[in-house]
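Subject: Handover of a structure, with notes on what was found in it

Dear colleague,

Please find below the structure that I am handing over to you. My notes on it follow, arranged by topic.

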Amino acid sequence: ANALTNLLNYVRQELDMKDSVRPDKLLVAPDDAAIFEFPIVFVHGRRNFTFTASQRKALKTYLERGGFLFGDSICASPQFIESFHRELHAIFPDAPLERIPADHPMFTHEFRGFDLRTVTLRSPHGGTRGDPLRAKLTKTEPVLEGLRINGRLAVVFSPYDLSCALENHASLECKGYIKEDAARIGLNILLYAMQQ
């Protein structure tokens with residue numbers, strides 16, 4: 001519940017912003033007219049979900065008019081990943097979510113963010129036959145997916161967890177980025193979304 005608040009606090013601190021980024025909690029449904037007041041919306045979860053026809057239509061309009069959707073699968077939940085992919089495909093059948101290459105400007109200093117071409121991913125390891133579950137840390141390229149509308153990256157989705165790391169709940173069962181990299185990835189996505 002505090003992932004977005006913690007990310008926005010991190011953004012304020014890193015960019016030395018006073019009140020221009022407020023970590024207020026505000027929930028808005030895809031078909032709520034208020035969605036158009038926000039240039040960026042954030043969605044995360046760990047369960048299956050399905051948008052209604054009116055929510056799909058409204059989200060399509062929001063994204064086509066310049067809105068940006070930032071999504072995260074809590075603990076790399078297969079159910080949420082499948083639902084996110086299915087819903088985006090239903091909305092944009094001709095614009096698939098595709099892996100964003102590690103040399104994309106979003107992962108560099110180009111938008112005043114961090115160089116993220118290499119990050120640390122935590123993966124559950126062990127936990128069988130009495131072997132204790134522990135986290136395996138791997139240096140890797142960031143894994144993010146994007147959807148383009150008229151050449152503009154309108155959706156960025158992390159199939160690996162950012163939210164638990166941002167909430168300081170790095171569970172051994174949770175596949176995702178370490179806290180520092182989760183915050184940096186989130187910052188870079190927001191900077192890119194605001195400046196592209």
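Does Asn 150 count as buried or exposed? Asn 150 counts as exposed, at 80% relative accessibility. Please bear in mind here and throughout that the model is a predicted one.

Backbone

Asn 150 belongs to the loop between E6 and strand E7 (152-158). Its phi is positive, at about 50°, although Asn 150 is not a glycine. Cys 75, also not a glycine, has a positive phi of about 55°. Most residues other than glycine have a negative phi. Cys 75 is located in the loop between strand E2 (68-73) and H3.

The cysteines

The count of disulfides comes to one. It connects Cys 75 with Cys 174, with an S to S distance of 2.4 Å. Cys 75 is in the loop between E2 and H3, while Cys 174 is in the loop between helix H4 (163-166) and strand E8 (176-177), so the disulfide ties together parts that are 99 residues apart in sequence. The link of Cys 75 and Cys 174 is left-handed, with -110° about the S-S bond. Cys 174 is buried, its relative accessible area being 3%.

Why is Cys 164 not bonded to Cys 75? The closest cysteine sulfur to that of Cys 164 is indeed the one in Cys 75, but the distance is 3.5 Å. A disulfide requires the two sulfur atoms to be within 2.5 Å, and the sulfur of Cys 164 is therefore too far from that of Cys 75 for a bond. Cys 164 counts as buried, at 9% relative accessibility.

Parallel strands

Strand E1 (residues 40-45) and E2 run parallel and are joined by six bridges. Within this pairing, Val 43 has Gly 71 in E2 as its bridge partner. Between the two strands the chain passes through H2, and this β-α-β crossover from E1 to E2 is right-handed.

Salt bridges

Side chains of opposite charge can pair when their charged atoms come close. Over the whole structure, a search finds six salt bridges. Three of these pairs are described here.

One of them is formed by the side chains of Arg 56 and Glu 87, at 2.7 Å from N to O. Arg 56 sits in helix H2 (residues 53-64) and Glu 87 in helix H3 (residues 78-91), so that this pair links distant parts of the chain, 31 residues apart. Arg 56 is partly exposed, with a relative accessible area of 26%, whereas Glu 87 counts as buried at 0% relative accessibility.

A salt bridge also brings together the side chains of Glu 141 and Arg 99, at 3.7 Å from N to O. This pair again links distant parts of the chain, 42 residues apart: Glu 141 is in the loop between strand E5 (134-140) and strand E6 (145-149), and Arg 99 is in strand E3 (residues 98-99). Glu 141 counts as partly exposed at 42% relative accessibility, and Arg 99 is partly exposed with a relative accessible area of 47%.

In the pair of Asp 115 and Arg 117, the closest N and O atoms of the salt bridge are 2.5 Å apart. Asp 115 counts as partly exposed at 35% relative accessibility, as does Arg 117 at 41%. Elsewhere, Arg 56, Arg 86 and Glu 87 are joined into one network by salt bridges that share partners.

Nonpolar cores

How many residues does the largest nonpolar core have? It has 27 residues, and those with the most contacts inside it are Met 106, Leu 144, Val 156, Tyr 177, Ile 185 and Ile 189. Two or more residues are given to this core by each of E2, strand E4 (119-125), E7, H4 and helix H5 (179-195). H5 supplies the largest share, nine residues.

Leu 144 shows which parts of the chain meet there. Neighbours within four places in sequence aside, its contacts include Glu 98, Arg 99, Met 106, Phe 107, Val 156, Ile 185 and Ile 189. Arg 99, one of these contacts, is also the salt-bridge partner of Glu 141.

Another core, of 21 residues, lies apart from the largest one; among its members are Val 41, Leu 59, Tyr 62 and Leu 88.

With kind regards

Technical notes. Residues are numbered from 1 along each chain as its sequence is written. This is a predicted model: local features need pLDDT of at least 70, side-chain atom pairs count only at pLDDT 80 or more; totals for chains, interfaces and linings use all residues. Side-chain values use heavy atoms; hydrogens and water are left out. A salt bridge is a side-chain nitrogen of Lys or Arg within 4 Å of a carboxyl oxygen of Asp or Glu. Helices (H or I, at least four residues) and strands (E, at least two) are DSSP runs, numbered from the N terminus. Buried means under 20% relative accessible area, exposed over 50%, partly exposed in between (1.4 Å probe, protein chains only). Two strands pair if DSSP finds at least two bridges between them. A crossover is right-handed if, with the strands pointing away from the viewer, the path from the first strand over the helix to the second runs clockwise. A nonpolar core is a set of buried Ala, Val, Leu, Ile, Met, Phe, Trp, Tyr and Cys residues joined through side-chain atoms within 4.5 Å. Contact means heavy atoms within 4.5 Å.
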